[in-house]
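Thanks for asking me to look this one over. Have the model open beside you while you read.

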Amino acid sequence: MTLDVPRIRTRVAELLSEYGIPSAAIGVLHDGKVVEFAVGVRNVETGEAATIDTVYQCGSMTKTWTALAFMQLVDEGKVDLDEPVRTYLPGFRVADPEASATITPRHLLYHADGVEEAYGDPGEDDDVYERMVATIADAPQVFPLGHTHGYSAALGYAILARILEVLDGKRWDDIMRDRLFDPMGLTSTSSWREQVDETRAATGHLVRSLDDGPIVTPVDYLPRAFGPGGNITSTVPDVLTMAHVLLNEGVAPNGKRIVSAESMQEMMRSRVPVPDPYLFGPAWALGLIVCDWHGETVYATDGSTIGQNARLRILPDSNTAIAMLTNGGPRESLYRTVFNEILVDLGTVTIPDLPTPDPTLHLDLSRYEGVYERPGTRFEVSTDSGTLCLTLVLDPMQAEFLQKPERISYALQPVSETHFLMPPADPLEDPQTVAIYDFTDGAARYLHTNCRVHPRSG
């Protein structure tokens, strides 16, 4: 492996200072060889140095672990990805009768079920996922089953976890230990905050202004409801162990088979298109994002909690994986810059830039105007002097927490008839992309950004 670690470490330190992120742990797996290093501190108040053994919150990267465990059930013949969820959870029901009868594990794994995350407060006890399934009988459809892609932060993978619990007769946390963590030799990975070694744990940080710098987050952990979709904590070496499984047809570095080669292929090849293909990738597989980097297929799994972030990229054609865990952000520009520095050193494909606007496009802006919303999130799209604008309306408590105004407006610069570049409105933000699409009824029906879909409400 030809990697100029001192140069990259120096560059990472510069970027962390620029973005107000206290630390980053980075690992590279290339042709079976591993390089790992950490920069910065795991808590700005204590000044304790981050190391490669520092434990970070992985957020939605957890979904890939949960998907691996679920694919073991497929290998064992206990579940079929295309059988209705009701086959395994007979009482499963949402508001839409057809969705209740026909939602399958495959829909849940690649976020095409469309069920609103209306599960209330299921608490923090061991029966949390059973309670979540029981409380969604009135949950409406954000979109018809299978109609589009719409990311589910917690509910979809909680349903999968409940299937695991019913079939294995254990709670999800124990299943993950027995099916994955122990066989893979993951000594620093856990699924529940009470299992975390606090003497090694990174503390999450928020940046409300670059002048003030990072502050310790007032919210230590996500609720337990997010467990199967967001609560795993891990280290860079352990994340690279999972990456090895993904790169080597289901086999861990210790030689143990975690899933069959057939299930590993199914995880990567079974996909739905993502309406906004630019920010992450054009498709979503079973627990993995599918990226197109200049014609090369790359798989991604990312995660964010309140003040911690995780990024993993798998490049099968180059036999390479890169992981980065941070205790601040998220900043997509940090991930892109650091990973590209590494990719250039390795002589592999690099991350594509976001698209540029097309000034020749002449759109009927009235087709895009309207309100698109979900509980807790509201986007207002309007026209101002011939320019399409998007206004994000924050909940007052969220605005106060982030010390932001309740209404933040962005210009939308057209890339195509359905895709827009959204330049940042704040130095703490990065450019984003937005899809406004599905003109079945004349006006657009959905707005999709950051993997989330929001239906038109007015």
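Here are my points, from the whole chain down to one residue.

1. Please keep in mind that this is a predicted model. The secondary structure comprises 12 helices and 21 strands.

2. On overall dimensions, the C-alpha trace spans about 60 × 55 × 40 Å along its principal axes. The radius of gyration is 21 Å, and a compact globule of 458 residues would have one near 23 Å, so the chain agrees with that expectation.

3. The packing figures are worth a look too. Of the 458 residues, 57% count as buried. Among contacts with a separation of 6 or more, 61% are made by residues 24 or more positions apart.

4. Turning to the surface, the chain exposes about 17800 Å², and 49% of that comes from carbon and sulfur atoms.

5. How many positive and negative side chains are there? The chain carries 36 positive and 65 negative ones, and the centres of the two sets lie 3 Å apart.

6. Now to a single residue: Val453 sits in strand β21, which covers residues 452–455. Is Val453 buried or exposed? Its relative accessibility is 1%, and buried means under 20%, so Val453 counts as buried.

7. Which residues does Val453 touch, leaving aside neighbours within four places in sequence? Its contacts include Val142, Phe143, Thr148, His149 and Gly150, and also Arg374. Tyr437, Tyr446, Leu447 and His448 are in contact with Val453 as well.

8. For a sense of distance, take Tyr221, which is 232 residues from Val453 along the chain. The C-alpha atoms of Tyr221 and Val453 are separated by 25 Å.

Terms used:
Residues numbered from 1 in each chain as written. Predicted model: local features only at pLDDT ≥ 70, side-chain atom pairs only at ≥ 80, totals over all residues. Heavy atoms only, no water. Helix = DSSP H or I, 4+ residues; strand = E, 2+ residues; numbered from the N terminus. Rg over C-alpha atoms; globule rule 2.2 N^0.38 Å. Buried < 20%, exposed > 50% of the residue type's maximum accessible area, 1.4 Å probe, protein only. Contact = heavy atoms within 4.5 Å. Areas by Shrake-Rupley, 256 points an atom, 1.4 Å probe, with all protein chains shown as cover. Lys, Arg positive; Asp, Glu negative; His and termini not counted. Charge placed at Lys NZ, Arg CZ, Asp CG, Glu CD.
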